[in-house]
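Trainee: I would like a close look at a single part of this model, with enough of the overall picture to place it. Please take me through it slowly and say how each term is meant.

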Amino acid sequence: MARELRAAGLTVTTGVGGHGVVGVLHGGRPGRTVAYRADMDAVPPKDIVGGGQAAAHFCGHDIHTTVALGVAKVLARPRQHLSGTVVFLFQPAEESLSGARAMIEAGVLERARVEEIHALHCGPFPVGRFAVTGGYGMPGQDKAEVTLQGPDAAPDAARRLAAEIGALATVTPPQTPADIERMVSDAQTPDGPFARFVALRASAQETKVGVSYRCWPQERYTEIREEIRRLARSYRGAAVSFPAEPFPALVCPEPDARALAHHLRRRLGRDSVATLHSAFPPFSGEDYALYLDRIPGTYTFLGVRAPGAPVTTSYPHFPDFAPDERSIGIGVRAMAGWIAQRTRRR
């Protein structure tokens, strides 16, 4: 990435926040400073649906990276006509939710005085269609550990408690392609099944219960934590621990999402935009949330499903993930125009 960005004339820094690459493009006209982020790590074997033998690009990060590079090259050609500055963030370690924090702590936003940030993510929508997420995005994550002590410290008790906590879940991960199709449809339905949810896993190991869950809206974490404590209290001597704070949800500002939808329809046609009315997918999170906690921006799904292809070929983390590469050119065209627009002073 560094080699390609330098060849395009950007100022490049490597080793940012670990393996991050930052490319800065200065336009020839005054304007605003806007960032564009692309994640570039692969999916670890344990996170591939059904398990895998090795890390693999089953989440579309290679598509994200290629689109970002394309945007950089398109905007660099007529840089004398570009307003402001574009900061391209090629981020490592998204899958472990650690890369964004590392790059932020390295000063990528403050050093360049970034005013807003934008990103795409592959999604199970037809090639040529984008799904905007105004007011929504992706859920955060919270964890808990319950340790049974005293008279109730037994593996059987831990399994019972895990089942009781697991019953707090209101949605379950899709098991079949039909489940995924229904979930994609439900996410586009106002006040649909995912407008309010708890996605939770609880597992017992000896006398401990590990809990990992996501919920929407994110204010529900207080409620769910209290429910876990309540269930644990029925086991004498149970001790419950939580992290200081849940990992935050990714929530996109509505005005920015509306502006992006307008831009996409004008540039690519009215049928180019779908609107999500819930966090999507409810079982995954994104450390891009840490950027949006600091500055406004957009996070939009890029349709990568080929005509007639099974939905699993466009749904991240499935082993048959095979995005239609025509989405790359569409993403570059859309985002180059969008970023050029956002760098102009309003």
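Mentor: Buried residues make up 53% of the 346 residues in the chain, where buried means under 20% relative accessible area, exposed over 50%, and partly exposed in between, with a 1.4 Å probe and protein chains only. This is a predicted model, in which local features need pLDDT of at least 70 and side-chain atom pairs count only at pLDDT 80 or more, while totals for chains, interfaces and linings use all residues. Residues are numbered from 1 along each chain as its sequence is written, and side-chain values use heavy atoms, with hydrogens and water left out.

For the frame, the chain has ten helices and 14 strands, taken as DSSP runs numbered from the N terminus, with at least four residues of H or I for a helix and at least two of E for a strand. The radius of gyration is 21 Å, which agrees with the value near 20 Å that a compact globule of 346 residues would have; the radius is taken over C-alpha atoms, and the globule rule is 2.2 Å times the number of residues to the power 0.38. Of the contacts in the chain with a separation of 6 or more, 79% are between residues 24 or more positions apart, a contact being heavy atoms within 4.5 Å.

The part I would choose is the open sheet of eight strands, whose order is β1-β2-β4-β3-β5-β14-β6-β13 and whose pairing is mixed; two strands pair if DSSP finds at least two bridges between them. At the edges stand β1 (11-16) and β13 (273-275), each with a single partner strand, so one side of each is left without a neighbour in the sheet. From one strand to the next the twist averages 25°, where axes are lines fitted to C-alpha atoms (for helices over the stretch in contact) and angles run from 0 to 180 degrees between N-to-C directions.

Moving inward, strand β3 (residues 29-39) and strand β4 (residues 83-91) pair in the parallel sense over eight bridges, and Arg-29 has Ser-83 in β4 as its bridge partner. Helix α10 (residues 326-342) packs on this sheet, where it touches β3, β4, β5 (116-126), β6 (130-132) and β14 (297-305), and its direction makes about 155° with that of β5. Strand β5 itself is largely enclosed by the rest of the structure, because ten of its eleven residues are buried. On one hand, β5 runs parallel to β3 and is joined to it by three bridges, with Ala-35 standing opposite Ile-117 in β5. On the other, β5 and β14 also run parallel and are joined by eight bridges, among them the one in which Gly-123 has Gly-303 in β14 as its partner.

Some backbone details sit in loops that follow strands of this sheet. Most residues other than glycine have a negative phi, and most peptide bonds are trans. Ala-93, in the loop between β4 and α3 (99-105), has a positive phi near 60°, and it is partly exposed, with a relative accessible area of 23%. His-317, in the loop between β14 and α10, likewise is not a glycine and has a positive phi of about 80°, but His-317 is buried at a relative accessible area of 17%. After the edge strand, the loop between β13 and α9 (289-292) holds Pro-281, which is joined to Phe-280 by a cis peptide bond with omega of about -15°.

For orientation, four other strands form an open antiparallel sheet in the order β9-β10-β8-β11, with β9 (197-205) and β11 (239-241) as the edge strands, each pairing on one side only. Helix α5 (residues 155-166) lies across β8, β9 and β10 (208-216) and runs at about 175° to β9, while helix α7 (residues 221-233) lies across β8, β9, β10 and β11 at about 155° to β10. The loop between β10 and α7 is the place of Pro-217, and the peptide bond from Trp-216 to Pro-217 is cis, with omega near -5°.
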